[in-house]
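The following account proceeds from a single residue to a helix, a strand pair and the surroundings of the ligand. Please keep the sequence and the structure in view while reading.

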Amino acid sequence: MSSSKQRFLSGIKRAPGAAVAPLSAWPVETKRVGDTGRGNTRNPFDLTDRIALVTGAARGIGRAVAERLAIQGAHIIVTDINDKGSADTQSIIEKAGGKAETMHFDVTDQAQIDKVCAAVLAKHGRIDILINNAGICLNATALDTTKDIWDRQMRINLDAVFYCSRTFGEAMVKRGAGAIVNLSSMAAIIDVHPQDHVGYSVSKAGVAHLSKVLGSEWADTGVRVNAIGPGFVATDMPLAAGIEMLEIWKTQIPMNRFLQPYEVANTIAFLVSDAASAITGQLIIADGGVTIW
Ligand SMILES: NC(=O)c1ccc[n+]([C@@H]2O[C@H](COP(=O)([O-])OP(=O)(O)OC[C@H]3O[C@@H](n4cnc5c(N)ncnc54)[C@H](O)[C@@H]3O)[C@@H](O)[C@H]2O)c1
């Protein structure tokens, strides 16, 4: 028997030779089946009346996530530093019959994290879903990555994900329910070649590992934390790398096309729903197959 197995078994207090209860007799913790205790419902993907906050939701993937979660029934708190974009996202959601409000929110400012979290709890009494989506991509080789580039990259992409998860996560843990999805990237597990963005890749690897550790720490609290690692998604972010880069990337995608923001949003909607009640601490890659080559 391995020493690690011996260590675990030594923690079990049972008289030698005592009968082991059959699995069917083990207590079923119904409150822990799904985030809200809804259990085996007809539609575990349903998010009716969940309070969901999405960061960086003024455009791109964040907007698509906000739209998708609203279609599933959630009330969306659309947040961004771009207030006009947030207002547009809110209007798109409402025109489709969904529920949304906007809040100005710079995720790099702890005072704003505290303020937004307090406002959400005061108005809604809880936070069910947090999507840490806001991010930037600064392209530079390692030798060209200045302290300012590195610090900005980490502050938005990694530090903010931790501080937002910590603040909103505390309210979720206290209540014993919640789901967080953090935007990582396939760049967390490969060097996206030939783009040069060491800071971006490392920040996204950090997000994936942070999600694993938070998933572990909160595993028995009813709060799940996962990361999603998209490949090349057709938003303004990859466009900034230039048209030549887009042409090179296309040859690297087995599905031979860029992903659409809604495809990432659909996966996220699954991860925050009760359909994913057994999934925590994972990095789910959605990349059109890039990382299988
Ligand atoms: N597009 C892709 O190919 C791709 C691939 C993998 C991962 N991602 C990740 O998905 C997320 C969204 O990417 P996108 O392509 O939609 O990007 P985007 O640039 O289109 O949108 C990012 C949004 O974040 C907001 N934002 C930036 N700094 C902020 C701050 N300090 N506080 C609050 N909001 C802020 C912006 O205003 C913008 O609305 C990012 O974390 C990105 O790294 C994107």
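**From glycine 199 to the ligand shell**

Glycine 199 has its place in helix α6, which covers residues 198-217. The model is a predicted one. Glycine 199 counts as buried because 24 C-beta neighbours lie inside 10 Å, and a residue is buried from 20 such neighbours upward. Leaving aside residues up to four places away in sequence, glycine 199 touches Leu138, Thr145, Ile149, Trp150, Gln153 and Met154. A further spatial relation links glycine 199 to arginine 152: the two are 47 residues apart in sequence, yet their C-alpha atoms are 9.2 Å apart in space.

Helix α4 can be considered next. This helix comprises 15 residues, 110-124, and reaches 21 Å from its first C-alpha to its last, close to the 21 Å expected at 1.5 Å a residue. Within α4, Ile113, Val116, Cys117 and Val120 are buried. These residues lie on the same side of α4 because they cover an arc of only 100 degrees around the axis. The underlying principle is that an α-helix has 3.6 residues a turn, so residues three or four places apart point the same way. On the other side of α4, Ala111, Asp114, Ala118, Ala122 and Lys123 are exposed.

Against what does the buried part of α4 pack? The buried residues of α4 pack against the strands β1 (51-54), β2 (75-80) and β3 (99-104), and also against α5 (147-175). After α4 comes glycine 125, with a positive phi near 80 degrees.

Strand β1, one of the packing partners of α4, leads on to the strand pairing. Ile51 and Leu53 point one way from β1, whereas Ala52 and Val54 point the other way, and all are buried. In a regular strand, the side chains alternate between the two faces of the sheet. β1 and β2 run parallel and are joined by four bridges. Valine 54 has valine 78 as its bridge partner in β2.

The last region to examine is the shell around the ligand. Of the 30 residues found there, Gly56, Gly60, Gly135, Thr235 and Met237 come nearest to the ligand. The elements that give two or more residues to this shell are α2 (60-71) and α7 (236-239). By residue type, the shell divides into 15 nonpolar, 11 polar and four charged residues.

Notes. Residues numbered from 1 in each chain as written. Predicted model: local features only at pLDDT ≥ 70, side-chain atom pairs only at ≥ 80, totals over all residues. Near = placed C-beta within 6 Å. Nonpolar A, V, L, I, M, F, W, Y, C, P; charged D, E, K, R; others polar. Expected span 1.5 Å × (residues − 1). Buried ≥ 20, exposed ≤ 12 C-beta atoms within 10 Å, placed from the backbone. Arc of directions from axis to C-beta. Contact = placed C-beta atoms within 7 Å. Pairing = 2+ DSSP bridges.
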